[in-house]
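This explanation leads through a protein structure, one region at a time. Keep the sequence and the 3D view at hand while reading.

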Amino acid sequence: MWPRPWPRCPRPLTPPPPPITRPVPPRCGRSTSRAGPVPASTRVTVPPRGACPPAPRPSTPRTRRDPTSIGSQSKTFTAATVLALVDEGRLELDDPIENHLPGVVSVNGYDGTRITVRHLLRHFSGIPQANTVNAPAQQPGGGYSLASLVQYGLDGAPPAAEPGARFLYSNTTYEILGMLIERLTGQRVEEAVMRRVVQPLGLTNTSFPAPGDRTLPGPRINGYAGVRFIGTVFIGTEVTGTHEPSRFYASGAMISTLRDVAAFYRALVGGRVVSAESTAEMKRGVPTQPGSPSSAGLGLVESPLPCGGTFWTYNGGVPGYFTLTGVTEDGRYASTVTNAQMGLSDQPISQGYGVLRAALCEGGGS
């Protein structure tokens with residue numbers, strides 16, 4: 001009779017030895033990681049010497065319902081909340097920000113009487129990106145305040161351009177918009193965004209954590225940060241729950257799922273979040289650079305597709321994650337997440353956009 005097929009060990013021919021008293025090593029195939037699924041290139045399995053070969057263990061599948069940090073895609077939620085307030089008659093897009101936040105922006109060479117709400121929404125305010133490596137002091141209870149983030153951004157660098165002159169991506173501008181929302185509504189920005197945008201759309205897996213809340217609800221997508229070298233070699237570490245969401249507050253603190261964030265952008269582009277007039281304003285774009293095929297709207301960016309036409313998009317990146325969503329006027333959509341933030345390379349960004357464009361050209365999720 002032939003022996004039993006591999007990988008089962010042969011039956012011993014002699015009686016088994018007495019029970020061992022030393023600690024038993026880990027079973028075959030046990031991962032050294034206990035923090036959840038990790039990228040294949042960083043997962044290490046160490047079988048004990050002399051043990052049977054490990055059987056293959058499938059990775060835990062990820063789904064569209066798994067929560068992830070969405071980074072700067074939060075800006076589109078903030079922008080939609082501002083446009084909802086325009087619909088309510090609380091302000092006009094061409095109002096100088098000084099009218100609503102006197103003295104807040106008019107520091108370090110900035111003139112709040114010349115910077116409008118529209119400039120802030122479109123990244124045409126002349127305010128450059130703040131240093132994201134350092135940070136202002138946290139509040140006594142943990143987390144950051146909008147006021148401290150705005151002061152940190154404005155004090156850190158003088159104006160880089162005249163208001164309306166050119167596109168300058170900036171988190172600080174959206175922290176200012178967060179302060180504007182709070183001033184007009186009397187609510188914390190997270191509460192205003194949830195009440196005016198998230199809850200009416202039924203996005204039950206989308207949240208806006210308060211300062212100090214680093215919880216990423218499960219089943220979650222764990223995030224990793226590190227460096228990718230030649231080929232597929234990735235050296236990194238898990239960073240899930242290590243960064244303080246309020247460090248990016250109204251510009252990037254939100255948590256969502258691929259399903260929810262796709263539903264939000266579809267509703268926004270389809271005119272189901274704000275009025276038709278405000279939706280048209282959000283879509284009215286200006287080239288991000290001279291000759292660029294992409295144009296900046298209000299919390300949205302319009303980019304071309306290789307198969308013809310354009311799509312509306314926004315991306316987000318925080319430690320451990322890069323998210324990206326695209327929606328076309330005819331209803332095609334796609335949403336991606338990469339749970340690794342890499343240094344020395346923009347690979348997740350370029351690959352993410354490549355996947356997104358291919359999916360939209362093949363029909364997307366429609």
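The torsion about the S-S bond of C307 and C361 is about -90°, so the disulfide these two residues form is left-handed. The sulfur atoms of C307 and C361 are 2.2 Å apart, and the structure holds 1 disulfide. The model is a predicted one, and the distance between the sulfur atoms of C307 and C361 is a computed value.

The disulfide links distant parts of the chain, its two cysteines being 54 residues apart. C307 sits in the loop between strand 7 (301-304) and strand 8 (310-318), while C361 belongs to helix 9 (residues 347-361).

Are the two cysteines buried or exposed? C307 has a relative accessible area of 45%, so it counts as partly exposed, since that class lies between the 20% and 50% cut-offs. C361 has a relative accessible area of 28%, so it is partly exposed as well.

Strand 8, which follows the loop of C307, also contains T313. T313 is buried, because its relative accessible area is 1% and buried means under 20%. Which residues does T313 touch? Leaving aside residues up to four places away in sequence, T313 touches L300, V301, S303, L324, T325, G326, Y353 and L356. With T325 there is also a polar approach: a polar atom of the T313 side chain lies 2.7 Å from the backbone oxygen of T325.

Strand 8 appears again around helix 8 (residues 276-283). In helix 8, the buried residues are S278, T279, E281, M282 and K283. What covers them? The cover includes strand 8 together with helix 1, helix 2 (117-122) and helix 7.

Two of these covering elements, helix 1 and helix 7, also meet one another. The axes of helix 1 (residues 74-87) and helix 7 (residues 258-269) come within 11 Å and cross at roughly 40°. The crossing of helix 1 and helix 7 is left-handed. Helix 1 contributes T76, F77 and A80 to the contact, and helix 7 contributes F264, Y265 and L268. By class, 5 residues in the contact of helix 1 with helix 7 are nonpolar and 1 is polar, with no charged residues.

Technical notes
Residues are numbered from 1 along each chain as its sequence is written. This is a predicted model: local features need pLDDT of at least 70, side-chain atom pairs count only at pLDDT 80 or more; totals for chains, interfaces and linings use all residues. Side-chain values use heavy atoms; hydrogens and water are left out. Axes are lines fitted to C-alpha atoms, for helices over the stretch in contact, and angles run from 0 to 180 degrees between N-to-C directions. Helices (H or I, at least four residues) and strands (E, at least two) are DSSP runs, numbered from the N terminus. A crossing is left-handed if the near helix is turned anticlockwise from the far one by less than a right angle, and right-handed if clockwise. Contact means heavy atoms within 4.5 Å. Ala, Val, Leu, Ile, Met, Phe, Trp, Tyr, Cys and Pro count as nonpolar, Asp, Glu, Lys and Arg as charged, and the others, Gly among them, as polar. A disulfide is a pair of cysteine sulfur atoms within 2.5 Å. Buried means under 20% relative accessible area, exposed over 50%, partly exposed in between (1.4 Å probe, protein chains only). A polar contact is a pair of N or O atoms within 3.5 Å; within protein, one must be able to donate a hydrogen and the other to accept it, and residues adjacent in sequence count only if both atoms are side-chain atoms.
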